[in-house]
Amino acid sequence: MSNGDDKLLKLRAHDSEDLAVISALLQDALVPLGDITHLPHETSFIMAMNRYRWERSDTRLRVHSGVRFDTVQRAQFSGIDQRNRRQFLSFMAMEFQPQGNDLDEILLHFSGEGRIRLQIDNLSCRLTDFDESWSTHRRPDHDFG
């Protein structure tokens, strides 16, 4: 379903403030585990997802998106059953953690205490929307009460 005036996002992050913007836009994205890949020979880490379009507060939309991190030396999964490649993860947030040595870290947080730790040479992240948005009946809701 086309929404006519869709402006697909293409964003880059090179510092923690940029990454915080991308993290907010990715909150509540649905990520198929089978669409998460670490490519050591390319030093890249890639995730494809269905992103809720938080930047369009007037409508309830999702869009296929991808996130790519470059200069990734290592990816470590914790709290995620990697054998079930058909499961969907719910993305919560990402954070940059400088380590003060050669490799810094990015932590990707998912609901249910799942986490992916990326060890990187330097921060280089891209968010790209792939195609037209579609309407969804549900708006993500976080009831912390």
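**Close-up views of a predicted model**

Arg83 is exposed, with a relative accessible area of 75%. That residue opens our tour of a predicted model, which continues through charged pairs, an aromatic pair, the nonpolar core and a buried arginine.

**View A. Arg83 pairs with Asp81 in a salt bridge.** The closest N and O atoms of the two residues are 3.0 Å apart. While Arg83 is exposed, its partner Asp81 counts as partly exposed, at 34% relative accessibility. Have a look around the rest of the structure too, which holds eight salt bridges.

**View B. Arg117 and Glu105 form a salt bridge.** Here the closest N and O atoms lie 2.7 Å apart. The pair links distant parts of the chain, with Arg117 in strand 9 and Glu105 in strand 8, 12 residues apart. Arg117 is partly exposed at 21% relative accessible area, and Glu105 counts as buried at 10%. Elsewhere, Glu42, Arg68, Asp70 and Arg126 are joined into one network by salt bridges that share partners.

**View C. Glu55 meets Arg53 in a salt bridge.** The N to O distance between these side chains is 2.8 Å. Glu55 is partly exposed, with a relative accessible area of 31%, whereas Arg53 is buried, with just 2%.

**View D. Phe45 and Phe69 make one of three aromatic pairs found in the whole structure.** Their ring centres are 6.5 Å apart and their planes meet at 50°, so the pair is tilted. Phe45 belongs to strand 4 (residues 44-52) and Phe69 to strand 5 (residues 61-70), so the pair ties together parts that are 24 residues apart in sequence. Both Phe45 and Phe69 are buried.

**View E. The largest nonpolar core has 30 residues.** Phe45 and Phe69 return here: together with Leu108 and Leu118, they touch the most other members. Elements that each supply at least two residues include strand 6 (72-78), strand 7 (88-97) and strand 10 (125-129). Helix 1 gives the most, with four residues. Contacts of Phe45 include Ile36, Val67, Phe77, Leu108, Ile116 and Leu118.

**View F. Arg62 is buried yet has no salt bridge.** What is the nearest side chain of opposite charge to Arg62? It is Asp28, 6.4 Å away. The Arg62 side chain does reach backbone oxygens: that of Asp28 at 3.2 Å and that of Asn50 at 2.8 Å. Arg62 is found in strand 5, and among the residues it touches are Leu30, Tyr52, Arg53, Trp134 and Pro140.

Note on methods. Residues numbered from 1 in each chain as written. Predicted model: local features only at pLDDT ≥ 70, side-chain atom pairs only at ≥ 80, totals over all residues. Heavy atoms only, no water. Phe/Tyr/Trp six-rings, centres within 6.5 Å; stacked < 30°, edge-to-face > 60°. Buried < 20%, exposed > 50% of the residue type's maximum accessible area, 1.4 Å probe, protein only. Lys, Arg positive; Asp, Glu negative; His and termini not counted. Salt bridge = Lys/Arg side-chain N within 4 Å of Asp/Glu carboxyl O. Polar contact = N/O pair within 3.5 Å; in protein donor to acceptor, adjacent residues only side chain to side chain. Contact = heavy atoms within 4.5 Å. Core = buried A, V, L, I, M, F, W, Y, C linked by side-chain atoms within 4.5 Å. Lists of a residue's contacts leave out its neighbours within four places in sequence.
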